[in-house]
Amino acid sequence: MLLSTTLVLAFSSLVALFPAAIAPELSGVLGVSSATIGLQVSLIFAGAMLTSLVGGPLTRRLGPCRTSQLSLALLGGGAAMMAMPTLPTFALASLVAGLGYGMTNPSASVLLVRFTPPERRGLIFSLKQSGVPLGGVIAGASAPVLALVVGWQAGLLLLSAIALLGIVALQWRRESWDDQRDPDTSWLATPFSGLDVVWRQRSLRYVALLSLCFSAIQLSVSAFTVALLVEDLDFGLVEAGLVMSGVQVTGVVGRIGWGEIGDRLGDRLMALAIIACTTAVAALLVATMTPAWPKWLVIVLLGLLSFSSLGWNGVFLAEITQLAPPHRIADAAGGCLVFTYGGVLLGLPMVTFLHSVVGDYTSVFAILAGISVAGLWLIHQARRARCMDRVS
């Protein structure tokens, strides 16, 4: 179950970041800047916001396994549509893939809570969330090579074939994983039920807003790493793709490590505060980079930034399962993820705009440090609200 949910999430991340990993190549084909290609990730998360709104009731209606299969179908279909070299089709394909992306976490949360003891959820959710940087590793390592060897369009069609294989592989677990589904659930009647759960409970509200800040930082780092290295620091395209894979590996390690730290501390909000501090320091250091820096030092600092800025998700989702009412976990997860994906939707256009103003990527990383500091304040508020919720 853990392997399946992790691989589904890894595939969704692979589809989301595949174009960003070959942004300089796609920019010439589509006639736009490489920074504009990065906005494609925002379109994916716009679609993810829509399905997150109904993620809870949809999972109850279909079951978590069937919901995961539907997610893969939309992701694979979106990847196939991206292979058509026109900007409108590329934008629509990103939205379709995003609809699939948004279904992954509510369904996985239902399964993980069902089979995981509460005191180990930080580690287990972090292991599952390691699928996101794992997808980035695969995108960074494979996308530039596929673009040069067989062409970027063939690479996207290969993703569609992988999605089909995943749907078939999940079918053998459907009967046991979907045995608690309620086919009479009306999943479109109350599309804002998850948001209502989150906003009514103050601790969940602050944690959701925190995820907005953290996701803006995370996807900015993931989406613009290759462009930063190629355009600002004089790396080659394949070389930059390999560096992207390397720093994403540190993100995988970070997710697992932070999950274990959160469980051992017994206070996952404290773990999130440490992550915020580390991210702020690392982002400020990246903002000072120049082409004269040794490449090994550039890689080390990007790895540190990835270790923290990509490491928070599992701790965050595990905290949601602790704060949410037991019978509304999928709704709370979906509601919180609307804010998470909203951070991507707002963050990437902001970085793109700042890049157009200042002319380089390194300068805007100082802004990411400021966003991380804002996250510290939200963590403080969430801790106070959590204490008050327990008293009440």
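Which element gives the largest share of the lining of the largest cavity? I kept this question open while I looked up the overall fold.

**Entry 1: model and conventions.** I worked on a predicted model, in which local features need pLDDT of at least 70 and side-chain atom pairs count only at pLDDT 80 or more, whereas totals for chains, interfaces and linings use all residues. Residues are numbered from 1 along each chain as its sequence is written, and side-chain values use heavy atoms, with hydrogens and water left out.

**Entry 2: overall fold.** I found 19 helices and zero strands in the protein chain; helices (H or I, at least four residues) and strands (E, at least two) are DSSP runs, numbered from the N terminus. The radius of gyration is 20 Å, which agrees with the value near 21 Å for a compact globule of 392 residues. That radius is taken over C-alpha atoms, and the globule rule is 2.2 Å times the number of residues to the power 0.38. Along the principal axes, the C-alpha atoms fill a box of roughly 55 × 45 × 30 Å.

**Entry 3: cavities.** I looked up enclosed space and noted four cavities of 30 Å³ or more. A cavity is a set of points, on a 1 Å grid over the protein atoms alone, where a 1.4 Å probe fits but cannot get out; lining residues have an atom within 4 Å of a point. Grid points are joined across faces, edges and corners, and a volume is the space filled by probe spheres set on the points.

The largest cavity holds about 140 Å³. Its lining has 16 residues, with Y101, Q218, N313, T340 and Y341 closest to the centre. Two or more lining residues come from each of α13 (202-232), α17 (313-323) and α18 (329-358). My opening question is thereby settled: α18 gives the largest share, four residues. By class, I recorded 10 nonpolar, six polar and no charged residues in this lining. Ala, Val, Leu, Ile, Met, Phe, Trp, Tyr, Cys and Pro count as nonpolar, Asp, Glu, Lys and Arg as charged, and the others, Gly among them, as polar.

The second largest cavity has a volume of about 70 Å³. Of its 14 lining residues, S4, T5, V8, S68 and A108 lie nearest the centre. At least two residues each are supplied by α1 (2-21), α5 and α7 (104-115).

**Entry 4: α12 against α18.** I returned to α18 and found that its axis and that of α12 (residues 193-200) come within 7 Å and cross at roughly 85°. Axes are lines fitted to C-alpha atoms, for helices over the stretch in contact, and angles run from 0 to 180 degrees between N-to-C directions. The two helices are therefore roughly perpendicular (65 to 115 degrees). Among the residues in contact (heavy atoms within 4.5 Å) are W199 in α12 and F339 in α18.

**Entry 5: α4 against α5.** Helix α4 (residues 55-62) and helix α5 (residues 64-82) pack at about 115°, with axes 6 Å apart. I noted that L58, T59 and L62 in α4 meet P64, R66, T67 and L70 in α5.

How values were computed: On a 1 Å grid over the protein atoms alone, a cavity is a set of points where a 1.4 Å probe fits but cannot get out, and a pocket is an open set with protein on both sides within 12 Å along at least five of seven lines; lining residues have an atom within 4 Å of a point. Angles under 35 degrees count as roughly parallel, over 145 as roughly antiparallel, 65 to 115 as roughly perpendicular and the rest as oblique.
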